Amino acid sequence: MMSAHQSIPNSVDAAVRFLAPRSSTNWTGTLNVSRLNQEIAAAIEGRLHATRHLSRTAFHIQAGCTHEIVAETAYRSSGLSARRICLHCRLEEEGSHWSGGSTWSRHDYGKSILGNTSERIVTNVDRDQFYALRLPVEVAE
Ligand SMILES: [Zn+2]
């Protein structure tokens, strides 16, 4: 993923903020849960536990994965660097400015986790297809 990792919250209030839709345009980042129905609060906690489990499971699987099959979306001249994601464990990384071209591993001069191995199978996808491959959680360490 190579983006900043977000720690998983421990309280319902923090969980509500953590789980808020990222695309929401009217989300303020806070929700008063003081009078929230207990059944809804319990459901939010259940979702938080599931999110934590998914995040930790993905972290452990990613740590042991050989990343044999990778999807890549190419550099775009609008400033979007190439990105890669392992189709098995969904570990994602972003290339440097030098990752341009249709095949990242042949052009990037930076360190790579998923690239630069001749045995690796790479399939090219567009940005929308790439984003659809992402896990629905930030992976915690
Ligand atoms: Zn992998």
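This is a selection-by-selection tour of the model, from the whole chain to the zinc site and the strands beside it.

**Whole chain.** Start with everything shown as a cartoon. The model is predicted. The protein has three helices and four strands, and from the N terminus on the elements run α-α-β-β-β-β-α. Colour by accessibility next: 35% of the 141 residues count as buried. For a contact map, residues 24 or more positions apart account for 57% of the contacts with a separation of 6 or more.

**Helix 2.** Select residues 38-64. These 27 residues form helix 2, which reaches 39 Å from its first C-alpha to its last, close to the 39 Å expected at 1.5 Å a residue. Show side chains for Ala41, Ile44, Leu48, Thr51, Arg52, Ser55, Ala58 and Gln62; these residues of the helix are buried. The list includes Arg52 and Gln62 as well as Ile44 and Leu48. Then go to the start of the helix and add Asn37. A side-chain oxygen of Asn37 comes to within 2.7 Å of the backbone nitrogen of Glu39.

**Zinc site.** Select the zinc ion together with Cys65, His67, Cys86 and Cys89. Which atoms coordinate the zinc ion? The donors are SG of Cys65, ND1 of His67, SG of Cys86 and SG of Cys89, at 2.1 to 2.3 Å. Why is the arrangement tetrahedral? The four donor atoms subtend angles of 102 to 114° around the zinc ion, and the arrangement is therefore tetrahedral. Along the chain, the donors follow the spacing C-x1-H-x18-C-x2-C. Within this set, His67 and Cys86 link distant parts of the chain: His67 lies in the loop between helix 2 and strand 1, Cys86 lies in strand 2, and the two are 19 residues apart. Are these two residues buried or exposed? Both His67 and Cys86 are buried.

**Strand 1 and its partners.** Select residues 69-73, which make up strand 1. Four of the five residues in this strand are buried, leaving strand 1 mostly covered. Add residues 121-124, which are strand 4; strand 1 pairs with strand 4 in the parallel sense over four bridges. To find the register, label Ile69, which stands opposite Ile121 in strand 4. Now add residues 83-86, which are strand 2. Here the pairing with strand 1 is antiparallel, again over four bridges. Label Glu72 and look across to strand 2, where the bridge partner of Glu72 is Arg84.

**Last view.** Keep strand 2 and the zinc ion on screen. Cys86, in strand 2, gives its SG to the zinc ion, and strand 2 is paired with strand 1.

Methods. Residues numbered from 1 in each chain as written. Predicted model: local features only at pLDDT ≥ 70, side-chain atom pairs only at ≥ 80, totals over all residues. Heavy atoms only, no water. Expected span 1.5 Å × (residues − 1). Buried < 20%, exposed > 50% of the residue type's maximum accessible area, 1.4 Å probe, protein only. Polar contact = N/O pair within 3.5 Å; in protein donor to acceptor, adjacent residues only side chain to side chain. Donors = N, O, S within 2.8 Å, 3.2 Å for Na, K, Ca; no water. Tetrahedral: all angles 85-135°; square planar, octahedral: opposite > 155°, others 65-115°. Pairing = 2+ DSSP bridges. Contact = heavy atoms within 4.5 Å.
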